[in-house]
Amino acid sequence: MLIGGKIRVMNGVDWIENLLNIKFFESCGYHREVRRNEKNMFCIDCNLCFCKHCVSSSSHCFHEWLQICKYVYHDVVRLHEIQKHLNCSEIQTYKINGEKAIHLNPRPQSKDNKTSKLKGSVTCEACGRHLQDLPNRFCSIACKVSIDANICKERQKKYISNQITKFDHSNENESCISLNESSELIQTWCISPLKPKKNLHKRKGVPRRAPIS
């Protein structure tokens with residue numbers, strides 16, 4: 001899955017998929033007796049989550065990692081951290097303690113949400129949630145990833161179909177050329193024996209005198 005920036009793939013699964021599916025803020029099993037042991041860190045190199053105490057006590061301090069925060073009971077990540085590894089353009093941002101952040105996954109919509117139904121309102125292209133302003137097209141990373149993945153698949157299908165069409169046309173042209181060449185050869189082979197032979201007049205030899213005895 002290529003959305004811009006650096007994409008690392010671990011065991012056939014890219015780190016973005018794990019980032020969006022992991023349950024953060026659970027207690028860390030390695031630091032149960034330590035305060036503030038919630039797992040709110042994500043290591044891109046290791047493709048897993050851990051608590052802040054794991055950073056100083058392991059090799060994660062030398063890796064690329066993200067810190068996950070809470071905003072209205074939902075997981076968000078700071079924009080200046082995630083945009084180093086992922087193209088976050090056109091995703092709705094929110095300010096948390098003076099810093100821009102974006103949602104990992106779309107927030108659930110209320111059933112009586114009338115804002116998204118108004119004419120001219122900006123909505124997410126994936127889930128239809130109301131967006132605050134343009135040129136934003138998505139409300140979360142998950143929504144952008146889902147749309148871009150579909151676009152990549154469609155482009156790949158079109159590319160493959162174009163290549164197949166080109167291959168078929170090239171084969172048709174080659175077959176036509178071979179048929180034309182073979183028909184010309186057959187035509188020349190059939191016509192050549194039927195051509196009348198030209199009467200060739202041989203020149204008489206120069207007369208020689210008899211030897212003097």
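These legends accompany close-up views of one sheet in a predicted model.

**View 1. The whole sheet, strand by strand.** Start here to get your bearings: 6 strands make up an open sheet, and their order is S4-S3-S5-S6-S8-S7. The pairing is antiparallel. On average, neighbouring strands are turned by 45 degrees against each other, with direction ignored.

**View 2. The two edges of the sheet.** Strand S4 covers residues 48-50 and strand S7 covers residues 94-96. Both stand at the edges with a single partner strand each, so one side of S4 and one side of S7 have no neighbour in the sheet.

**View 3. The hairpin of S5 and S6.** Follow strand S5 through residues 65-71, and you will find 4 bridges joining S5 to S6, its antiparallel partner. Between the two strands of this hairpin lie 2 residues. Look for Val72 in the turn, where phi is positive at about 55 degrees. Within the pair, Lys70 has Asp75 of S6 standing opposite.

**View 4. Where S6 meets S8.** Here strand S6 (residues 74-78) runs antiparallel to strand S8 (residues 99-103), and 3 bridges join them. Two of the residue pairs are easy to pick out by name: Val77 has Ile102 in S8 as its bridge partner, while Arg78 is partnered by Ala101 in S8. As you trace the strands, keep in mind that side chains in a regular strand alternate between the two faces of the sheet.

Technical notes
Residues are numbered from 1 along each chain as its sequence is written. This is a predicted model: local features need pLDDT of at least 70, side-chain atom pairs count only at pLDDT 80 or more; totals for chains, interfaces and linings use all residues. Side-chain values use heavy atoms; hydrogens and water are left out. Two strands pair if DSSP finds at least two bridges between them. Axes are lines fitted to C-alpha atoms, for helices over the stretch in contact, and angles run from 0 to 180 degrees between N-to-C directions.
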